[in-house]
Amino acid sequence: FASDIHGDFERAKRVLELYKSEGAEKLILLGDLLYFGPRNSLTERYNPQGVIKLLNENKEKLLCVRGNCDAEVDQMVLDFPIMAEYAYFCIDGFSMFLTHGHKINKESAALKKGELLIHGHTHVPCIEKFGEGNLYINPGSTTYPKENNPPSYMIYENGVFSIRELDSGEIIKEIDLRKEY
C-alpha cells in the first residue's frame with residue numbers, strides 16, 4: 001500500500017522496487033498519484049510524466065482509488081482505473097474499505113462492526129481502533145510526510161499490517177490482526 005505520491009518520480013520508482021522485492025500480489029495506491037496541490041512546494045523529483053510512464057508500465061499490478069488531487073484529465077493519461085472513490089474487499093477473513101480519506105474517513109465511514117478502514121490523505125502513518133470494533137490504518141505519505149514522520153508505505157501479509165520507512169524498510173508501526181484485533 002502507498003499513498004500520496006504526488007508526481008514524485010523517485011518515490012514512485014522506490015514504491016515499485018519495494019513491491020517487486022516483497023513479491024506482493026498487488027500494489028494498492030490510495031490516491032494523489034500525479035499532482036501535488038497548491039499547498040505543497042515542488043520537489044526536484046517532481047516528474048508526473050515519468051510517474052505516468054512508470055505506473056502505466058505496471059498497470060496490471062495496480063489497484064487504485066481516487067485522491068483529492070486526482071482529476072479526470074489524469075485518467076486520460078493513465079492506462080488503469082483511478083477514479084473510484086473507494087474499493088471494498090475481503091482477504092484472510094478481514095473486510096477492508098479502501099479510500100483516499102478526503103471524503104470518507106473515520107467520522108463518515110459507514111462500516112460494519114470489525115471492518116477496517118484504510119486510507120491516505122493525512123500524510124500521517126496511523127494504526128488506531130475506532131467505532132465499534134473497527135480499525136483505521138493509514139500508510140502515511142511517500143512524498144510529503146507530515147508530523148515529523150519519514151516517507152512511508154505499508155505491507156500486508158498473513159494478517160499483519162506493517163507501516164515501513166520508505167528508504168530503509170524499518171517498521172514504524174505494526175499490527176497483527178490475528179492477535180490484536
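The largest pocket is lined by 20 residues. Ala-24, Glu-25, Lys-26, Ile-91 and Tyr-156 lie nearest its centre. The model described here is a predicted one.

**The pocket**

The volume of the largest pocket is about 550 Å³. Four elements each supply at least two residues of its lining: α1, β1, β3 and β8. Which of them gives the largest share of the lining? That is β8, with five residues.

**The sheet with β8**

Strand β8 also belongs to an open sheet of three strands. The order is β8-β9-β10, and the pairing is antiparallel. β8 (152-157) and β10 (171-176) have a single partner strand each, so they stand at the edges, with one side of each left without a neighbour in the sheet. From one strand to the next, the twist averages 15 degrees.

Six bridges link β8 to β9 (residues 160-165) in the antiparallel sense. In one of these pairs, Met-154 has Ile-163 of β9 as its bridge partner. The loop between β8 and β9 holds Asn-158. This residue is not a glycine, yet its phi is positive, at about 50 degrees.

**Strands β3, β4 and β5**

β3 (86-91) contributes to the pocket lining. It also runs antiparallel to β4 (residues 94-99), joined by six bridges. The two strands form a hairpin with two residues between them. Asp-92 in this hairpin takes a positive phi near 55 degrees. On its other pairing, β4 meets β5 (residues 116-119) in the parallel sense, over four bridges.

The table gives residue pairs that involve β4.

| Residue | Opposite or partner residue | Strand pairing and bridges |
|---|---|---|
| Cys-90 | Ser-95 in β4 | β3 and β4, antiparallel, six bridges |
| Tyr-88 | Phe-97 in β4 | β3 and β4, antiparallel, six bridges |
| Met-96 | Leu-116 in β5 | β4 and β5, parallel, four bridges |

Is β4 mostly covered or mostly exposed? It is mostly covered, and six of its six residues are buried. Phe-94, Met-96 and Leu-98 point one way from the strand. Ser-95, Phe-97 and Thr-99 point the other way. Both sets are buried.

**The nonpolar cores**

In soluble globular proteins, nonpolar side chains tend to be buried together. Here the largest nonpolar core has 23 residues. Leu-29, Leu-33, Leu-55 and Phe-80 have the most contacts inside it. At least two core residues come from each of α1 (9-22), β1 (27-29), α2 (48-56), β2 (62-64) and β8. Which element gives the most? It is α1, with five residues.

Another core lies apart from this one and has 18 residues. Leu-30, Phe-94, Leu-98 and Ile-175 are among them.

Phe-80 deserves a closer look. Which residues does it touch, leaving aside its neighbours within four places in sequence? Its contacts are Leu-33, Leu-55, Asn-56, Lys-59, Leu-62, Cys-64 and Gln-75. Of these, Leu-33 and Leu-55 are also listed with Phe-80 for the most contacts inside the largest core.

**Helix α2**

α2 is one of the elements that supply the largest core. How many of its nine residues are buried? Seven are, and the helix is mostly covered. The buried residues are Pro-48, Gly-50, Val-51, Ile-52, Leu-54, Leu-55 and Asn-56. They pack against α1, β1, β2 and α3 (72-77). Two of the buried residues, Leu-55 and Asn-56, are also in contact with Phe-80.

**Asp-4**

One more residue has a positive phi. Asp-4 is not a glycine, but its phi is about 60 degrees. It is found in the segment before α1. Buried or exposed? Asp-4 has a relative accessible area of 0%, so it counts as buried, the cut-off being under 20%.

**In brief**

β8 gives the largest share of the pocket lining, supplies at least two residues of the largest core and stands at an edge of its sheet. α1 gives the most to the largest core and also supplies at least two residues of the pocket lining. β4 pairs with β3 in the antiparallel sense and with β5 in the parallel sense.

Terms used. Residues are numbered from 1 along each chain as its sequence is written. This is a predicted model: local features need pLDDT of at least 70, side-chain atom pairs count only at pLDDT 80 or more; totals for chains, interfaces and linings use all residues. Side-chain values use heavy atoms; hydrogens and water are left out. Two strands pair if DSSP finds at least two bridges between them. Axes are lines fitted to C-alpha atoms, for helices over the stretch in contact, and angles run from 0 to 180 degrees between N-to-C directions. A nonpolar core is a set of buried Ala, Val, Leu, Ile, Met, Phe, Trp, Tyr and Cys residues joined through side-chain atoms within 4.5 Å. Buried means under 20% relative accessible area, exposed over 50%, partly exposed in between (1.4 Å probe, protein chains only). Contact means heavy atoms within 4.5 Å. On a 1 Å grid over the protein atoms alone, a cavity is a set of points where a 1.4 Å probe fits but cannot get out, and a pocket is an open set with protein on both sides within 12 Å along at least five of seven lines; lining residues have an atom within 4 Å of a point. Grid points are joined across faces, edges and corners, and a volume is the space filled by probe spheres set on the points.
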